[in-house]
Amino acid sequence: GVVVIDISGSMSLQQKDLDAIVEAAPASLILAYSSNVDAEFNAWILANRGWRVRDIPSIGNVGNGVDGPALTWAIRHRKFNEPIVWVCDGLVTNRHDRYNEELAIECAKLVKKHRMIMIPSVDEAVQQFKTGRLINKPSGPIKNILLGKTGRH
């Protein structure tokens, strides 16, 4: 399937994590994203159905900023009805890295409509990929929105 990984400041991705995900799901398409107002790029394809980067470049660990566009990209690039796994702590931010309720609601709608599997951390995603059993575990504001609870987190 498609794996979308939030690599903002509250999240991270190590080379060993990418290696473990690719080993467990070698045919996956993996996109990592983060934003930085000064950066030219904010999303990186780390693996593409058998192809992968050798080493993770120095990317991410700033803000989210592009959660919605990253999810939309995943939807457009999924094949047939394959799963989309979103590795994210559920905190959606705007381009200035501030929480934004409207953006969170938009992302929650995408998650629900396209039946995305949310996993709150890279460590947990690696464990789930290793077992071959994916368990949906939304967290943070996205979880609250999916449960019908809106308002500031």
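Is Leu-31 buried or exposed? At 4% relative accessibility, Leu-31 counts as buried. The legends below walk through this and other close-ups of a predicted model.

**View 1. Leu-31 and its neighbours.**
Leu-31 belongs to strand 2, which covers residues 29-33. Take a look at what this side chain has around it: leaving aside residues up to four places away in sequence, Leu-31 touches Val-3, Val-4, Ile-5, Ala-43, Trp-44, Ile-45, Ala-70 and Trp-73. His-96 makes a handy landmark for distance, since its C-alpha sits 21 Å from that of Leu-31, with their positions 65 residues apart in sequence.

**View 2. The sheet and the helix on it.**
Now zoom in on the strands. Six of them, or 6 strands in the order 4-3-2-1-5-6, form an open sheet with mixed pairing. Strand 4 and strand 6 (117-119) are the edge strands, so each of them pairs on one side only. Strand 1 (residues 2-6) and strand 5 run parallel and are joined by 4 bridges. Want a pair of residues to look for? Ile-5 stands opposite Val-87, which is in strand 5. Helix 2 packs on this sheet and touches strand 1, strand 2, strand 3 and strand 5. The direction of helix 2 makes about 170° with that of strand 2.

**View 3. Asn-64 in its loop.**
Find the loop between strand 4 and helix 2, and you have found the place of Asn-64. With a relative accessible area of 3%, Asn-64 is buried. What does the side chain of Asn-64 reach at 2.7 Å? That would be the backbone oxygen of Leu-91. The Asn-64 side chain also makes a polar contact, at 3.0 Å, with the side chain of Ser-8. Residues touching Asn-64 include Asp-6, Tyr-33, Ser-34, Ser-35, Val-92, Thr-93 and Asp-97.

**View 4. A salt bridge between Lys-16 and Asp-17.**
Side chains of opposite charge can pair when their charged atoms come close. How many salt bridges does the structure hold? There are 4 salt bridges, and this view shows one of them: the side chains of Lys-16 and Asp-17 meet at 3.2 Å, N to O. The two partners sit in contrasting surroundings, as Asp-17 is buried at 6% relative accessibility, whereas Lys-16 is exposed with a relative accessible area of 55%.

**View 5. A salt bridge between Arg-49 and Glu-82.**
Here the side chains of Arg-49 and Glu-82 meet in a salt bridge at 2.7 Å, N to O. Arg-49 lies in the loop between strand 3 (43-48) and strand 4 (51-52), and Glu-82 lies in the loop between helix 2 (67-77) and strand 5 (84-87), so the pair ties together parts that are 33 residues apart in sequence. Arg-49 counts as partly exposed, at 25% relative accessibility, while Glu-82 is buried, with a relative accessible area of 15%.

**View 6. A salt bridge between Glu-124 and Lys-137.**
The last close-up has the side chains of Glu-124 and Lys-137 in a salt bridge, again N to O, at 2.7 Å. Glu-124 is in helix 4 (residues 122-131) and Lys-137 is in the loop between helix 4 and helix 5 (140-146), so this pair ties together parts that are 13 residues apart in sequence. Glu-124 is partly exposed, with a relative accessible area of 22%. Lys-137 is partly exposed too, with a relative accessible area of 36%.

Terms used:
Residues numbered from 1 in each chain as written. Predicted model: local features only at pLDDT ≥ 70, side-chain atom pairs only at ≥ 80, totals over all residues. Heavy atoms only, no water. Buried < 20%, exposed > 50% of the residue type's maximum accessible area, 1.4 Å probe, protein only. Helix = DSSP H or I, 4+ residues; strand = E, 2+ residues; numbered from the N terminus. Contact = heavy atoms within 4.5 Å. Pairing = 2+ DSSP bridges. Axes fitted to C-alpha atoms, helices over the stretch in contact; angles between N-to-C directions. Polar contact = N/O pair within 3.5 Å; in protein donor to acceptor, adjacent residues only side chain to side chain.
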